[in-house]
Every structure is written in C-alpha cells, then in structure tokens.
Amino acid sequence: MALIQCPSCNKRISSKAASCPHCDYTLAGRSQDDLEREQERARQRKKETLLSQSLLALLASITAFAYSVWVQPHPDSWQAQVSYAVMGGGVLWFLINRVRLIMVKRGR
Ligand SMILES: [Zn+2]
C-alpha cells in the first residue's frame, strides 16, 4: 500500500482508497496518468494563489513604506505604528509565501 496525494484536497491518502476520506473525491476508475494530471493542475492553482498573495504582500509593504517616506508621520503617532506594522507584516507574509511556493514547486 502506498500513500498518494489526493488530487482535490492534497491530503495524503491510500492509493487503494476508492474515494478520498477527506473530501470524497472519487479515485476509483481513474488511471495513474489521470491522477497525476489532476495533481499537477491542483499544484498549478496553488502556485498561482501563492504568487498573487506574495505580490499583494509586497504591494502592502511598498505602500506602507511610501506612506512613511512621503507623509513622515511622527514616530510615536499611531499612523507611524500602523505603517511600520504593515511594512513588517507585508515582508513577513511575502517571505512565508516564497517559502511555501518553493515547497509547492518541489512537489510537497
Ligand atoms: Zn481529498
């Protein structure tokens, strides 16, 4: 018995299972090729989602950075705190997405 990834929800399931116990995706009657194609498609979708999320994260931190440069709020003001938080959060979110993207590309 081998473990494969469900093409629909990407959870690990038995290759002998007739359907996925997590999402009820039907596996019986599908060839290995079909399953691999489905997996590839799911991976592609995930990559696109992560890519647009990392772009969004980058945009958020650039916007916050531009705001703090142009407006130059007082360092103690809430505007400055918010822009620093968005900057840091955006960079962190971006990095997390890049790591997840690399993991998806490696196939896990
Ligand atoms: Zn599933």
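Here are legends for a handful of close-up views of this predicted model.

**View 1. Four cysteines hold the zinc ion.** The sulfur (SG) atoms of Cys6, Cys9, Cys20 and Cys23 coordinate the zinc ion at 2.2 to 2.3 Å. Angles between the four donor atoms run from 106 to 112°, so the arrangement is tetrahedral. Read along the sequence, the donor residues follow the spacing C-x2-C-x10-C-x2-C. Two of them, Cys6 and Cys23, tie together distant parts of the chain: 17 residues apart, Cys6 sits in the loop between β1 (3–5) and β2 (12–14), while Cys23 sits in the loop between β2 and α1 (32–70). Cys6 is buried, because its relative accessible area is 0%. Cys23, on the other hand, comes out at 32% and is partly exposed.

**View 2. Asn10 has a positive phi in the β1–β2 loop.** Zoom in on the loop between β1 and β2 and you'll find Asn10 there. Its phi is near 70°, a positive value, and Asn10 isn't a glycine. With a relative accessibility of 25%, Asn10 counts as partly exposed. The loop between β1 and β2 is also home to the zinc ligand Cys6.

**View 3. Ser19 and its neighbours in the β2–α1 loop.** Ser19 belongs to the loop between β2 and α1. Leaving out residues up to four places away in sequence, Ser19 touches Asp24, Tyr25, Thr26 and Leu27. Its relative accessibility is 31%, so Ser19 goes down as partly exposed. For a sense of scale, pick out Ala42 too: Ser19 and Ala42 are 23 residues apart along the chain, and their C-alpha atoms are separated by 17 Å.

**View 4. Two domains along one chain.** Here the protein chain splits into domain 1, covering 1–30, and domain 2, covering 39–105. Taken over C-alpha atoms, the centres of domain 1 and domain 2 are 34 Å apart.

**View 5. Gln72 and Ser77 share the α1–α2 loop.** Start with Gln72, which is found in the loop between α1 and α2. Phi of Gln72 is near 45°, again a positive value in a residue other than glycine. Gln72 is exposed, because its relative accessible area is 62%. Now slide along to Ser77, which lies in the loop between α1 and α2 (78–105). Ser77 counts as buried, since its relative accessibility is 18% and the cut-off for buried is under 20%. The side chain of Ser77 reaches the backbone oxygen of His74, at 2.7 Å.

**View 6. Helix α2 and its buried residues.** From first C-alpha to last, the 28 residues of α2 reach 40 Å, close to the 40 Å expected at 1.5 Å a residue. Which residues of α2 are buried? They are Ala80, Ser83, Met87, Gly90, Asn97, Leu101 and Val104. An α-helix has 3.6 residues a turn, so residues three or four places apart point the same way. As for what covers the buried residues of α2, α1 is included.

Conventions:
Residues are numbered from 1 along each chain as its sequence is written. This is a predicted model: local features need pLDDT of at least 70, side-chain atom pairs count only at pLDDT 80 or more; totals for chains, interfaces and linings use all residues. Side-chain values use heavy atoms; hydrogens and water are left out. Donors are N, O and S atoms within 2.8 Å of the metal (3.2 Å for Na, K and Ca); water is not among the atoms, so sites may look incomplete. Four donors count as tetrahedral if all angles lie between 85 and 135 degrees; four count as square planar and six as octahedral if opposite donors are over 155 degrees apart and all others between 65 and 115; anything else is irregular. Helices (H or I, at least four residues) and strands (E, at least two) are DSSP runs, numbered from the N terminus. Buried means under 20% relative accessible area, exposed over 50%, partly exposed in between (1.4 Å probe, protein chains only). A polar contact is a pair of N or O atoms within 3.5 Å; within protein, one must be able to donate a hydrogen and the other to accept it, and residues adjacent in sequence count only if both atoms are side-chain atoms. The expected span of a helix is 1.5 Å times one less than its number of residues. Contact means heavy atoms within 4.5 Å. Domain bounds come from an automatic or database domain assignment.
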